[in-house]
Every structure is written in C-alpha cells, then in structure tokens.
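Work through the exercises below with the coordinates open. Try each task before reading its solution.

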Amino acid sequence: MAGRKLALKAIDWVPFGEIIPRNQKAVANSLKSWNEILTSRLAALPEKPPAINWAYYKASVAKAGLVDDFQKKFNALKVPMPEDKYTAQVDAEEKKDVKICAEFLSLSKTRIEEYEKELEKMKNIIPFDQMTIEDLNEVFPETKLDKKKYPYWPHQPIEQL
C-alpha cells in the first residue's frame, strides 16, 4: 500500500543530473542508486502483509488463552497514517522559488541585452593601435583625465589608480 502512494513521487533524474556540479556527480549517482534500491524493495512488498496463521499458534502454544489474547490485541491495533505536515510548506516554497527564478530570468535577460549592446560597441571600435587619446576617451569616458579638477599628474585621485 505504501509503495503505491510513493510511486506517485517519482524523481526525474535527467534534469536533476543536468544541474548537479561535476564535483558532486558521485554523490548524486550514489543517491540515485539508493533511490533505485529502496524503490525496488518497496515495490517488492505485497499490498497487504501476509495473514497470521492463528490456528497454528493455538495448537503450538501450551498456555491457554495466550494466543487468543494476542489475536484480540493484534486485531485491535490500528496504526494511523502519518500526518503530512510539510507538503503544503514545500509547495508554498516552490511557488516562491518559481517567482524568484522568473524575476531572476527577466533581470538576466535585460543584463544580456545590455552586454550585447556593449559587445556590439566593442566590435565597432577602431583598433587600439590606430586610436588616439581623444578616440580612447570618446570610446571609454572613464579614461579621460580631469586636468581642471586635478591639475597635477596623474590627473585623478590616487585612490583610483
């Protein structure tokens, strides 16, 4: 019975393997093999446990009433299914993570666009060996020296060197 419910929670190993860093592949393979071992053991279990042969024990046990007492207690025993406290929490965290990932993805796309514009700008500049200082300052404004604010060499604050 437990195997049937757990079969719904199968792991898709292909995307899992794609996101694992190289240095953790061995650990991931170990996790996968343990998962396969435990899943096969769970699948091998019967739906219901085998029935106890109470007649055999009544004939074999010398003390009268002991087996009847055990049978009555065994039949009265009800093991409750554990309460699932964490699925809702995990689902809420998953929704939050999906929102965070979507936001990160949109920010990454804007950064990529900015980097592509910058790369296009780099491709279109004239070669450095043909540039003059004015060309360099035009393409890279941060290299321009402020001779009015800093009249002495190196024409910029020492901290920026």
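## Exercise 1: Locating a tyrosine

Tyrosine 86 is found in the loop between α5 and α6. The model is a predicted one.

**Task.** Classify tyrosine 86 as buried or exposed, then state how far tyrosine 86 lies from tyrosine 56 in space.

**Solution.**
- Step 1. Take the relative accessible area of tyrosine 86, which is 54%.
- Step 2. Apply the cut-off: exposed means over 50%. Tyrosine 86 is therefore exposed.
- Step 3. Compare positions. Tyrosine 86 and tyrosine 56 are 30 residues apart in sequence. Their C-alpha atoms are 44 Å apart in space.

## Exercise 2: Salt bridges

**Task.** How many salt bridges does a search of the whole structure find? For each, find the partners and place them in the helices.

**Solution.**
- Step 1. The search of the whole structure returns 2 salt bridges.
- Step 2. Lysine 58 and aspartate 68 form a salt bridge through their side chains, with an N to O distance of 3.2 Å. The cut-off is 4 Å, so this pair qualifies.
- Step 3. Place these partners. Lysine 58 sits in helix α4 (residues 54-60) and aspartate 68 in helix α5 (residues 66-76), so the bridge ties together parts 10 residues apart in sequence.
- Step 4. Check their exposure. Lysine 58 has a relative accessible area of 43% and is partly exposed. Aspartate 68, at 41%, is also partly exposed.
- Step 5. Lysine 73 bridges to aspartate 69, with the closest N and O atoms 3.4 Å apart.
- Step 6. Both residues lie in helix α5, 4 residues apart, so about one helical turn separates them.
- Step 7. Check exposure here too. Lysine 73 is exposed at 52%, whereas aspartate 69 is partly exposed at 27%.

## Exercise 3: Surface patches

**Task.** Which residues form the nonpolar patch on the surface, and which gather in the patch of negative charge? Check one member of each for exposure.

**Solution.**
- Step 1. The nonpolar patch consists of Ile52, Tyr56, Tyr57, Val61 and Phe74. Together they have about 460 Å² of accessible area.
- Step 2. Take tyrosine 57, found in helix α4. Its relative accessibility is 41%, so tyrosine 57 counts as partly exposed. Patch members need over 30%, so tyrosine 57 passes that cut-off.
- Step 3. The negative patch on the surface gathers Asp91, Glu93, Glu94 and Asp97.
- Step 4. Take glutamate 93, found in helix α6. At 40% relative accessibility, glutamate 93 is partly exposed.

## Exercise 4: A ring pair

**Task.** What is the number of aromatic pairs in the structure? Then classify the geometry of phenylalanine 128 and phenylalanine 140 from their ring centres and planes.

**Solution.**
- Step 1. The structure holds 4 aromatic pairs.
- Step 2. For phenylalanine 128 and phenylalanine 140, the ring centres are 6.2 Å apart and the planes meet at 10°, so the pair is stacked. The cut-off for stacking is under 30 degrees.
- Step 3. Locate the two rings. Phenylalanine 128 is in the loop between α6 (87-124) and α7 (133-139). Phenylalanine 140 is in the segment after α7. The pair links distant parts of the chain, 12 residues apart.
- Step 4. Contrast their accessibility. Phenylalanine 128 is exposed at 54%, whereas phenylalanine 140 is buried at 14%.

## Exercise 5: Distances across the model

**Task.** Where are asparagine 53 and serine 30 found? Give one C-alpha separation for each.

**Solution.**
- Step 1. Asparagine 53 is in the loop between α3 (25-44) and α4. Its relative accessibility of 46% makes asparagine 53 partly exposed.
- Step 2. From asparagine 53 to lysine 32 is 21 residues along the chain. Their C-alpha atoms are separated by 39 Å.
- Step 3. Serine 30 lies in helix α3. With a relative accessible area of 35%, serine 30 is partly exposed.
- Step 4. Serine 30 and proline 127 are 97 residues apart in sequence. C-alpha to C-alpha, they are 53 Å apart in space.

How values were computed. Residues numbered from 1 in each chain as written. Predicted model: local features only at pLDDT ≥ 70, side-chain atom pairs only at ≥ 80, totals over all residues. Heavy atoms only, no water. Helix = DSSP H or I, 4+ residues; strand = E, 2+ residues; numbered from the N terminus. Buried < 20%, exposed > 50% of the residue type's maximum accessible area, 1.4 Å probe, protein only. Patch = residues over 30% accessible without salt bridge, like charges linked within 9 Å, V, L, I, M, F, W, Y side chains within 5 Å. Areas by Shrake-Rupley, 256 points an atom, 1.4 Å probe, with all protein chains shown as cover. Phe/Tyr/Trp six-rings, centres within 6.5 Å; stacked < 30°, edge-to-face > 60°. Lys, Arg positive; Asp, Glu negative; His and termini not counted. Charge placed at Lys NZ, Arg CZ, Asp CG, Glu CD.
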